[in-house]
Amino acid sequence: MFYARFRPGYPKAFFDDLIRRFGLDGSGRLLDLGCGTGQLAIPLAGHVAEAVGVDPEPDMLAEAARQALAGEVGNVTWVPGSSADLPDELGRFRLVTMGRSFHWMDREQVLGTLAGMVEDEGGVVIANDGCMARAVTPWQHAIEEVQHRFLGPLPQANAGTQAEPHEAVLARSPFRDVTRVVYEFERSWTVDRIIGYLYSTSLPLRRLLGDRRPAFEREITDALLAADPSGRLVEPVALQVLIAQKVS
């Protein structure tokens, strides 16, 4: 699965901060909502008694289960479901995480539901980075140019993003004690990983390209190597995190 192999993870400083802020000492429960392949649930599982990952895509959950097994993480339950209809039997949680997913949800409805599921000292964490969606380097602009040449104008990569900022929605919710933290770091890519990443996004690039895919990959490769002949591409990343604690 392209998503599991090529979607980048999160930095250690981010996880360390969550563990400290929410006192994740091996007790309590974690809910990872829109968990995908478990990029948040699996690293945090060792710091809670039980983690639950919820996602509407069976393939994502199957891959998450494989990743957990490979990492010898045995305290995560993978649950098929949607943020719009969370099962009542999930229980209560100290922390709910949402990575690169909250903007696709009915945010007020989800926060209202979570208010009854999160412990009084708990909260929700919303994490999002550009993931190459916003071109800031010459090699990222080169990717955009090749995609435009093959496919014409593309839908915005953040098409799921809603106009009202997350902070404004949180301010009307029980999770209105909000801290915004930005983790800045550099992410290294190779040409093969970049191509894999492009196929992992919500844009169905492989289907849109059809039999032009080999030509597309050749042109992407040529453009990236022209930008940096070493083939080691560096992306400046700003991971934006909203840490929202529940207010009684």
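**The sheet and its cores**

R180 stands opposite L242 in β7. This is a predicted model. One residue earlier in the sequence, T179 faces I243 of β7. Both pairs belong to the contact between β6 and β7, strands that run antiparallel and are joined by 13 bridges. Strand β7 also pairs with β5, again in the antiparallel sense, over six bridges. There, A127 has V241 of β7 as its bridge partner.

These strands are part of an open sheet of seven strands, in the order β3-β2-β1-β4-β5-β7-β6, with mixed pairing. Strands β3 and β6 stand at the edges and have a single partner strand each, so one side of each lacks a neighbour in the sheet. From one strand to the next, the twist averages 20 degrees. Helix α8, residues 191-198, lies across β6 and β7 and runs at about 135 degrees to β6.

In soluble globular proteins, nonpolar side chains tend to be buried together. Here the largest nonpolar core has 29 residues, and F14, W78, V125 and V241 have the most contacts inside it. The elements giving two or more residues to this core are the helices α2 (12-21), α3 (41-45) and α4 (58-70), together with the strands β3 (76-80), β5 (118-128), β6 (177-189) and β7 (233-245). Apart from this core lies another, of 25 residues, which includes V52, L90, V110 and V124.

What does V241 touch, leaving aside residues up to four places away in sequence? Its contacts are F14, V125, I126, A127, T179, R180, V181 and Y183. Among them are F14 and V125, which are also named with V241 for having the most contacts inside the largest core.

Technical notes. Residues numbered from 1 in each chain as written. Predicted model: local features only at pLDDT ≥ 70, side-chain atom pairs only at ≥ 80, totals over all residues. Heavy atoms only, no water. Core = buried A, V, L, I, M, F, W, Y, C linked by side-chain atoms within 4.5 Å. Buried < 20%, exposed > 50% of the residue type's maximum accessible area, 1.4 Å probe, protein only. Helix = DSSP H or I, 4+ residues; strand = E, 2+ residues; numbered from the N terminus. Contact = heavy atoms within 4.5 Å. Pairing = 2+ DSSP bridges. Axes fitted to C-alpha atoms, helices over the stretch in contact; angles between N-to-C directions.
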